[in-house]
Amino acid sequence: MISFDSSDIPPVLTTPGPFTDKAYTPEYGISSLEETKVLVIGAGGLGCEIIKDLTFSGFKQIEVIDMDTIELSNLNRQFLFRVEDIGKSKSEIAVNYIKKLRCGGIDKSLQIKSHFNKIQDFDDGFYQEFDIVICGLDNIEARKWINKKLIDIANNGKIIPMIDGGTEGFQGSLKVIIPTVTSCFECYNGLLTEDGDENQKYPLCTLASTPRLPEHCIEWVHQLEWEKLYPDIELDADNDEHINKVYQLALERSLKFNIQGVTKSLTLGVIKNIIPSIASTNSIIASACSNEAFKFVTCCSPFLQNTMYYNGENGVQAISDPFDKNPNCEICGNLPIEIEIKNQLDMKLVEFIELVNSKFNIKLYKIFTVHGDLYNQDQNEDKGNGNQQSKLIDLLNVDKDSDGIIYSKNELIILQKGTDKVIKLIPQFIND
Ligand SMILES: [Zn+2]
């Protein structure tokens, strides 16, 4: 009988190195490895590798989400799948395989579970169960969704780190995101290209008049010619007849411009915006993700601060860089702050202004919501006190939550003299 022996793990955790935190104890490292609940999102090229790496690094509680089914084209790199698995759920097959791989399923200490779902199928309560999330996703939309979800959860008190791996051909990257503490996925926004944003890839003038690459000829059909020839038919990348037509038109154009290399498979690749996925890149990035998770969870060694880029295209290069929070990030930058008003349902606007000024040590001159101004110092000087003696609660659009707390449904935007810095507040009236 083959038995899984994790004896290679304890020495790593019992032998502190020069960078190990002074407060670290091996008992802590070992127990957190066993008790940490890890969520792996994606059981594809990266996911298969991540799940394997985590289980063989001693993690004991793992759940895997993936909404996809296995396709023939996955088998060259998604090594937990076989021909007979085509059409079945990736997460279920991956988890079953790992169970078998780990001493024929008799290692009861490993609790691994699959979810054949979209990430959007689960609520906050589900995600709050986990201590760390590792993403091996192939699209930006899903990363943005889970990033925002974890920031929302962090704002409600539980910080769940997210380790995000990504690959594109021979290149890869890794981010360690601690929601609300470090830069979030959206902070990198300027560096990201949107999914399916192929219009940005080649300038239209190149496609229209000076094509040089086979891709230019295919994109010319895709973006310009198809609509002219077939105004009533939407180009469907899964329709073989459509792809054949695009291929023929692109080929004709390539001959006209003396460009070589237009093939049917390239046509399909360009239309579907397929980025080649390479097994070795996936393996490198996945092992780096698992390594960071291991260090973060056990505290045996410092973890990545906070981004790593790998380039295997021209030789082998890997650099790591701290990536600062973007103060204007739409997701984690300048989030609204809840401001408690205790036992003072009749607080006047003028009193609220004093409260804000003293709490934030500012001199505010304007408060407004999406519905307009609540207070504008410049105007009030001409028009007397305006709203200042009104009750704040009467000026707001309020609602009551299940705990009986009355809160403003709109953010109050606070402007201060002499600075562009904006404070966003959500007043909450609490009566004991
Ligand atoms: Zn951010």
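Tutor: Let's start with a helix pair in this predicted model. Helix 8 (residues 214-229) packs against helix 10 (residues 264-271) at an angle of about 60°, and their axes are 10 Å apart.

Student: Why is helix 8 called oblique to helix 10?

Tutor: Put the angle of about 60° against the cut-offs: under 35 degrees would be roughly parallel, and roughly perpendicular begins at 65. The angle falls in neither range, so helix 8 is oblique to helix 10.

Student: And which hand does the crossing have?

Tutor: Right-handed, as helix 8 passes helix 10.

Student: Which residues make the contact?

Tutor: From helix 8 you've got Pro-214, Glu-215, Ile-218, Glu-219 and His-222, and from helix 10 Leu-266, Thr-267, Val-270 and Ile-271. They split into 5 nonpolar, 2 polar and 2 charged.

Student: Over to Asn-96 in helix 4 (residues 90-101). What makes Asn-96 partly exposed?

Tutor: Count the other C-beta atoms within 10 Å: Asn-96 has 17. Buried takes 20 or more and exposed takes 12 or fewer, so a value in between is partly exposed. That's where the 17 of Asn-96 puts it. As for distance, the C-alpha atoms of Asn-96 and Leu-137 are separated by 20 Å, with their positions 41 residues apart along the chain.

Student: How do you know that Gln-305 counts as exposed?

Tutor: Gln-305 has 12 C-beta neighbours inside 10 Å, and exposed means 12 or fewer. So Gln-305 qualifies as exposed. You'll find Gln-305 in the loop between helix 11 (279-298) and strand 7 (307-311).

Student: How far apart in space are Gln-305 and Ser-320?

Tutor: They're 7.5 Å apart, C-alpha to C-alpha, and 15 residues apart in sequence.

Technical notes: Residues are numbered from 1 along each chain as its sequence is written. This is a predicted model: local features need pLDDT of at least 70, side-chain atom pairs count only at pLDDT 80 or more; totals for chains, interfaces and linings use all residues. Helices (H or I, at least four residues) and strands (E, at least two) are DSSP runs, numbered from the N terminus. Axes are lines fitted to C-alpha atoms, for helices over the stretch in contact, and angles run from 0 to 180 degrees between N-to-C directions. Angles under 35 degrees count as roughly parallel, over 145 as roughly antiparallel, 65 to 115 as roughly perpendicular and the rest as oblique. A crossing is left-handed if the near helix is turned anticlockwise from the far one by less than a right angle, and right-handed if clockwise. Two residues are in contact if their C-beta atoms, placed from the backbone, lie within 7 Å. Ala, Val, Leu, Ile, Met, Phe, Trp, Tyr, Cys and Pro count as nonpolar, Asp, Glu, Lys and Arg as charged, and the others, Gly among them, as polar.
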